[in-house]
Amino acid sequence: MSRADVRIEGERLHVTTNRMEATFFGPDLAELRNIASDERPMYGARPRTPLTRLQAGDGSWPALRSTEWRTGKNPNAAMLTLKDLARTAVLSVSVDSDTDEVIVEMWADAREEGLRGLQFGIRNLDATVGRLLLPATGDQVIKPKALRQARTLPYPSEWQAPFFVWQGAKGGIVAYSPDGGERRTLTVTPQGSKAELQLTTEAPAPWLTCDHMPAVTWRIDCYKGDWRGPAQQYRDLMYERHPPVPTRGGRGWVTQIDRVVEVAGAKAANWQPPADTDVADSTLVRFVGALPRSGAPDAALTAAARRAKQAGCRVMLDLDVTAPGDAERWRRQLVLRPDADAALEPPAVSLASPEWRAHLSAAAEGATADAPFDALMLVGLDAMPNDGRPERGGNKAFRAAGALCRALLTRFPGAILAADTVCDALSPFVWWARNFPKPSVEPGISRFLFGAHLIQSATP
């Protein structure tokens, strides 16, 4: 039974649940006592400048005036407002009566000059005893006391799920976002014996004309013991939202793979498959750069793929899902990233374009006649740009990436899909992630969340 209590004391908001006592100094979460483990992982003085803030459409962070905390009809909720002459952001804090989680919600509106994002700040984490555990490339454990400068991880390219754990000696803090479809970043900043976290979410592009940012939600809780308890709960939630495509039937062969060999296109002519039949049967060979732009593999690669198949290996071809062979042909479907330098960044096609997704499926189908494949490495799948043309996708690029995966799996029911990394939105479709912790590494949160449905293979 929840014993939630929300109390305002001047500029401070005190929130008490069965498992924690949390204090907000203005809009920042700044103190916390873990009742479950009898620890104080967050404590400190009143901050001078809030970390919780709003980013204008031009990328600046305007100074905002903050109202006092106030309560409404719900006794277990409070809110405050941050504003300047052009923009208003609202921060709401409540307690979920069913789960005892503290819910932090933010949204914003702009009358002019647009919106680029919202940032929620967490302060005063005790870096002398705590460490940050992240589902990120390499199963990262960050000890802020050892950091020399701030560390930023973008979701979804590095930070694989909007979820993290602050682990102390006897328990910890867990935070996650149930929302999907936005680009985010997590920044860890050392402050002597303390650490700060900044959770930033991008607004829909184009930012200079964005006049409303939908609510961004973070759920915060405490636990006793190690991180596997809350990670199990998040994994159950993630699998409920994004159930993995099964590997039975035509895809059952993936369970027999125990290694992935990468062969550069330039070396394909001289590459020979393993002579041992047992080794070949458990080998997936990736021919790097196999289908560049045009979708037509060259003769050397085609011959190498056939040798691999004849030896009993499985074959993976690359398919670049963003790079157009003819940029002028796809001019209307090109991604216009608001922060891109057109002189430095090559053109990319939005996966929100049905025509482009159909083109990619046709390119893969055309390759099967010359170099029959068992798997596709979707190069650039995790880019998921915040498109500057909302009518061609906007933040829906997340869903568009999933739509491409579904189209390919429908067309090639026996194939598996691979990508450079894996994230929660792509986890139903990606069976092998190139930048993923090796099986020999002691399992961390990334392996815990995603490892059960990925090919546990090592690349020699």
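Student: Let me start with one residue: where is Pro156 found?

Tutor: Pro156 is found in the loop between E15 and E16. Helices (H or I, at least four residues) and strands (E, at least two) are DSSP runs, numbered from the N terminus. This is a predicted model, in which local features need pLDDT of at least 70, side-chain atom pairs count only at pLDDT 80 or more, and totals for chains, interfaces and linings use all residues. Residues are numbered from 1 along each chain as its sequence is written, and side-chain values use heavy atoms, with hydrogens and water left out.

Student: Thanks! Which kind of peptide bond joins Tyr155 and Pro156, cis or trans?

Tutor: Here is the general idea: most residues other than glycine have a negative phi, and most peptide bonds are trans. The bond joining Tyr155 and Pro156 is cis, with omega at about 10°. Another cis bond runs from Ala205 to Pro206, where omega is near -5°. Pro206 lies in the loop between E19 and strand E20 (212–224).

Student: And phi? Which value does Asp38 have?

Tutor: Phi of Asp38 is near 55°, a positive value in a residue other than glycine. You will find Asp38 in the loop between strand E4 (28–34) and strand E5 (39–42). Glu113 also has a positive phi, about 70°, although it is not a glycine. Glu113 sits in the loop between strand E11 (102–110) and strand E12 (115–126).

Student: Is Asp38 buried or exposed?

Tutor: The scale is relative accessible area: buried means under 20%, exposed over 50%, and partly exposed in between (1.4 Å probe, protein chains only). Asp38, at 55%, is exposed, while Glu113, at 46%, is partly exposed. Ala266 counts as exposed at 79% relative accessibility. The place of Ala266 is in the loop between strand E21 (259–264) and helix H2 (277–281).

Student: Back to the loop after E15. What is Glu158 in contact with, beyond its neighbours within four places in sequence?

Tutor: Contact means heavy atoms within 4.5 Å. Leaving those neighbours aside, Glu158 touches Pro135, Ala136, Thr137 and Leu153. Glu158 is found in the loop between E15 and strand E16 (163–167), and its relative accessible area of 32% makes it partly exposed. For a sense of distance, Glu158 and Gly26 are 132 residues apart in sequence and 31 Å apart in space, C-alpha to C-alpha.

Student: How do I read strand pairing? How many bridges join E15 to E18?

Tutor: Two strands pair if DSSP finds at least two bridges between them. Five bridges join strand E15 (residues 151–155) to E18, and the two run antiparallel. Within that pairing, Thr152 has Thr187 of E18 as its bridge partner. E18 is also joined to strand E19 (residues 194–202), by eight bridges and again antiparallel. There, Thr185 stands opposite Thr200 in E19.

Student: What connects E18 and E19?

Tutor: They form a hairpin with two residues between the strands, and Gly192 in the turn has a positive phi of about 65°. Six of the eight residues of E18 (residues 184–191) are buried, so this strand is largely enclosed by the rest of the structure.

Student: Which strands pair with E2?

Tutor: Strand E1 (residues 5–9) pairs with E2 in the antiparallel sense over five bridges. Strand E3 (residues 20–25) pairs with E2 in the antiparallel sense, also over five bridges. Thr16 takes part in both pairings: Thr16 is the partner of Asp5, and Glu21 in E3 is a partner of Thr16. The hairpin of E1 and E2 has two residues between the strands, with Gly10 at a positive phi near 65°, whereas three residues join E2 to E3 in a hairpin. Four of the five residues of E2 (residues 12–16) are buried, so E2 is largely enclosed by the rest of the structure.

Student: Now the whole chain: how many helices and strands does it have?

Tutor: The chain has six helices and 26 strands. Its radius of gyration is 24 Å, close to the 23 Å that the globule rule gives for 460 residues, so the chain is as compact as a globular protein of that length. That radius is taken over C-alpha atoms, and the rule is 2.2 Å times the number of residues to the power 0.38. Buried residues make up 54% of the 460 residues.
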